[in-house]
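Welcome, and thanks for taking a look at this one. Please open the structure below and keep it in view while you read the briefing.

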Amino acid sequence: MIRSCICCGTALLPFAGETHQVDYQGASVAVADLSGFRCASCGEIEFDEDSAERYAAAGDMLVLAARHAAGAELRRIRKRLGLNQVEASQLTGGGHNAFSRYETGKVVPAPAVVNLFRLLDRHPEELDRLKRA
Ligand SMILES: [Zn+2]
């Protein structure tokens, strides 16, 4: 059976032994010995089952690492500002235990939360103004 590209319908050609880079938020990891099929026309790739699993697992690992790094950064800044998790959650919304979930990596904080805390990290004196608002 000839496999055809899901994007353009051109016949797919097999490949094997390739190393592909997975990138996420500035971090990257190489996944070696990947195999599958490639469209000669548009370049679309279909990995074999084992390769697809290993490629996806590498991506999941990068996402988890990024979540934990974001959580650790928020925890460091929150402590520097002298806030407990409930106070930090009240400041940013998202529920009373939002910061607990951010800091443990269970939930990815919205970019606005990370940006606010990075600003407060540089200008901690602005926290008083926010508390009064
Ligand atoms: Zn194609």
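A residue is called buried when its relative accessible area is under 20%, exposed when it is over 50%, and partly exposed in between. With that in hand, here is a short tour of this predicted model, in two parts: a metal site and a helix.

**The zinc site**

- Four cysteine sulfurs serve as the protein donors of the zinc ion: the SG atoms of Cys5, Cys8, Cys39 and Cys42, lying 2.3 to 2.4 Å from the metal.
- Along the sequence, these donor residues follow the spacing C-x2-C-x30-C-x2-C.
- The arrangement is tetrahedral because the angles subtended by the four donor atoms around the zinc ion run from 97 to 124°, and four donors qualify when all angles lie between 85 and 135 degrees.
- Cys5 has a relative accessibility of 5%, so Cys5 counts as buried.
- Cys8, with a relative accessible area of 38%, is partly exposed.

**Helix α4**

- Helix α4 covers residues 111-122, and its 12 residues reach 17 Å from first C-alpha to last, close to the 16 Å expected at 1.5 Å a residue.
- The buried residues of α4 are Val113, Val114, Phe117, Leu120 and Asp121.
- These buried residues sit on the same side of α4, because they cover an arc of only 130° around the axis.
- As general background, an α-helix has 3.6 residues a turn, so residues three or four places apart point the same way.
- On the face turned away from the buried side, α4 carries the exposed residues Pro111, Ala112, Leu119 and Arg122.
- The packing partners of the buried residues of α4 are α1 (49-80), α2 (85-92), α3 (98-103) and α5 (126-132).

Terms used: Residues are numbered from 1 along each chain as its sequence is written. This is a predicted model: local features need pLDDT of at least 70, side-chain atom pairs count only at pLDDT 80 or more; totals for chains, interfaces and linings use all residues. Side-chain values use heavy atoms; hydrogens and water are left out. Donors are N, O and S atoms within 2.8 Å of the metal (3.2 Å for Na, K and Ca); water is not among the atoms, so sites may look incomplete. Four donors count as tetrahedral if all angles lie between 85 and 135 degrees; four count as square planar and six as octahedral if opposite donors are over 155 degrees apart and all others between 65 and 115; anything else is irregular. Buried means under 20% relative accessible area, exposed over 50%, partly exposed in between (1.4 Å probe, protein chains only). Helices (H or I, at least four residues) and strands (E, at least two) are DSSP runs, numbered from the N terminus. The expected span of a helix is 1.5 Å times one less than its number of residues. The arc is that of the directions from the helix axis to the C-beta atoms. Contact means heavy atoms within 4.5 Å.
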